[in-house]
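I opened a fresh notebook page for this one. Here is what I looked up, in the order I went through it.

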Amino acid sequence: MTTTTHSPADLASLSPAELADWCKGAGLPAFRGKQIFQWIHRGADFPEMSNLPAALREKLAAGAVAQPVHIRTTRVSALDGTVKFLFALADGNCVEGVLMRYHHGCTLCVSTQVGCRMGCAFCASTLDGCVRSLTAGEMLGQILCANRYLAEAGEDNRVHNVVLMGSGEPLDNYDQTCRFLRLLREPEGVNIGLRNVSLSTCGLVDRMRAFAEEGLPVTLSVSLHVPNDEIRRRLMPVANRWPIGDVLAASRHYVEKTGRRVIFEYALVDGVNADPAQAEELAARLRGFQCHVNLIPLNDVPERGLRGVSEAQVRRFLDTLTAHHISATRRREMGDDIEGACGQLRRRELEQVTSDGGQE
Ligand code: SAH
């Protein structure tokens with residue numbers, strides 16, 4: 001694993017078999033790989049790996065990284081206990097994650113890139129472009145940090161569900177995202193089944209089609225947001241590459257391949273896509289489709305002059321879809337008071353970090 005520049009080996013990205021190989025390559029017995037894998041996935045760093053000889057722990061720490069992510073700040077919602085993390089990566093970059101508590105366990109919203117290059121007009125994550133993609137270990141590391149946070153808070157709880165809806169476009173970081181999903185379901189690791197995972201994409205059609213063949217049956221969320229190409233091109237540059245018909249066809253292919261229904265995300269933007277006529281148009285497009293529509297009132301993005309909608313507008317849009325027998329709900333918003341909601345992440349957090357008083 002050691003490269004010519006001698007960057008530390010990224011052990012959190014490796015499968016048990018790869019870690020066993022890595023150990024063999026480093027002159028260690030293969031069983032050490034299993035031990036190290038278990039420790040890493042429990043959130044431990046080398047000094048805590050108590051069944052490894054002290055000298056080995058030191059040697060490993062000098063040439064490898066076990067925990068590539070650390071919590072830089074936390075903010076807890078007074079409204080619903082949602083926790084927003086700012087995670088620090090080894091190179092000084094930061095990504096955000098949001099831990100939501102539901103009756104059936106905790107859900108963590110995980111980032112896949114530092115920033116994003118998709119350029120959606122309403123999304124704050126894309127304002128500074130994509131700095132870099134995360135490794136699988138850095139995606140996993142966000143979960144390990146959240147689990148550790150829960151354990152240290154004395155809570156008998158851990159992350160049960162994962163949504164790839166933080167910053168970044170998961171299918172623009174395809175290989176590492178697939179690697180991460182395979183790590184998630186390792187029985188000796190965090191052991192999160194893929195039916196507890198949602199992957200959200202802005203609609204990279206070629207990757208959606210490839211992903212359907214990976215044998216990774218997560219719930220696919222497609223950020224559709226509009227009923228036609230004209231409006232979609234105004235909000236989402238990706239629409240210049242892939243027309244909405246292709247996005248829907250790839251979504252249908254995913255349903256056929258995996259048997260999982262697709263979720264369409266639809267952020268209602270005042271004066272852009274929220275009229276009842278547009279609900280009619282959407283209903284016509286989705287007729288007969290095994291899907292569910294998640295309506296989200298847009299979180300205002302002042303930088304782009306885009307505003308959300310009133311409750312009455314959400315209700316009217318929802319009622320129109322329901323009248324056409326399209327399964328739809330309004331997404332419950334959590335962490336409203338900590339800017340935990342979609343599209344508000346990272347930027348403001350980074351601006352606030354010095355005055356935040358969050359946990360270092
Ligand atoms: N790149 C992926 C996943 C990250 S964003 C994607 O596009 O799906 C997760 C969700 O938040 C997407 O549906 C995205 O469109 C939505 N979102 C982004 N900015 C938002 C905002 N200001 N208000 C509401 N939803 C927003």
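**The sheet**

I began with the strands and found an open sheet of 10 of them, with mixed pairing, in the order β3-β4-β5-β6-β9-β10-β11-β12-β13-β14. I should say right away that this is a predicted model.

Next I looked for the edges of the sheet. They are β3 (69–76) and β14, each of which pairs on one side only. I also noted the twist, which averages 25° from one strand to the next.

A reminder to myself: strands of a sheet pair through backbone hydrogen bonds, either parallel or antiparallel.

Then I picked one pair to follow. In which sense do strand β4 and strand β5 pair? I found them antiparallel, with 6 bridges between β4 (residues 83–89) and β5 (residues 94–102). Within this pair, I saw that L86 stands opposite E96 in β5.

**The ligand**

I turned to the ligand and asked myself which residues around it come nearest. There are 18 residues around the ligand, and the nearest are F122, G168, S200, S223 and H225. Sorting the shell by class, I got 8 nonpolar, 8 polar and 2 charged residues.

After that I went through some polar atoms. For G168, I noted a polar backbone atom at 3.0 Å from a nitrogen atom of the ligand. For C202, a backbone N or O atom lies 3.5 Å from an oxygen atom of the ligand. For H225, an N or O atom of the side chain is 2.5 Å from an oxygen atom of the ligand.

How much of the ligand does the protein cover? On its own the ligand has 530 Å² of accessible area, and the protein covers 96% of that.

**Two histidines with positive phi**

H225 had already come up at the ligand, where it is among the residues that come nearest, so I looked at its backbone too. H225 is not a glycine, yet its phi is positive, at about 70°. I found H225 in the loop between β11 (219–223) and α7 (229–235).

H325 also caught my eye: its phi is positive, at about 60°, and H325 is not a glycine either. H325 sits in the loop between α10 (311–323) and β14 (328–330), and I had already written down β14 as an edge strand of the sheet.

Last entry: is each histidine buried or exposed? H225 has 6% relative accessibility, so I put it down as buried, the cut-off being under 20%. H325 has a relative accessible area of 74%, which is over 50%, so I put it down as exposed.

Note on methods: Residues are numbered from 1 along each chain as its sequence is written. This is a predicted model: local features need pLDDT of at least 70, side-chain atom pairs count only at pLDDT 80 or more; totals for chains, interfaces and linings use all residues. Side-chain values use heavy atoms; hydrogens and water are left out. A residue is near a molecule or strand if one of its heavy atoms lies within 4 Å of it. A polar contact is a pair of N or O atoms within 3.5 Å; within protein, one must be able to donate a hydrogen and the other to accept it, and residues adjacent in sequence count only if both atoms are side-chain atoms. Accessible areas come from the Shrake-Rupley method with a 1.4 Å probe; for residues, only the protein chains shown count as cover. Ala, Val, Leu, Ile, Met, Phe, Trp, Tyr, Cys and Pro count as nonpolar, Asp, Glu, Lys and Arg as charged, and the others, Gly among them, as polar. Helices (H or I, at least four residues) and strands (E, at least two) are DSSP runs, numbered from the N terminus. Buried means under 20% relative accessible area, exposed over 50%, partly exposed in between (1.4 Å probe, protein chains only). Two strands pair if DSSP finds at least two bridges between them. Axes are lines fitted to C-alpha atoms, for helices over the stretch in contact, and angles run from 0 to 180 degrees between N-to-C directions.
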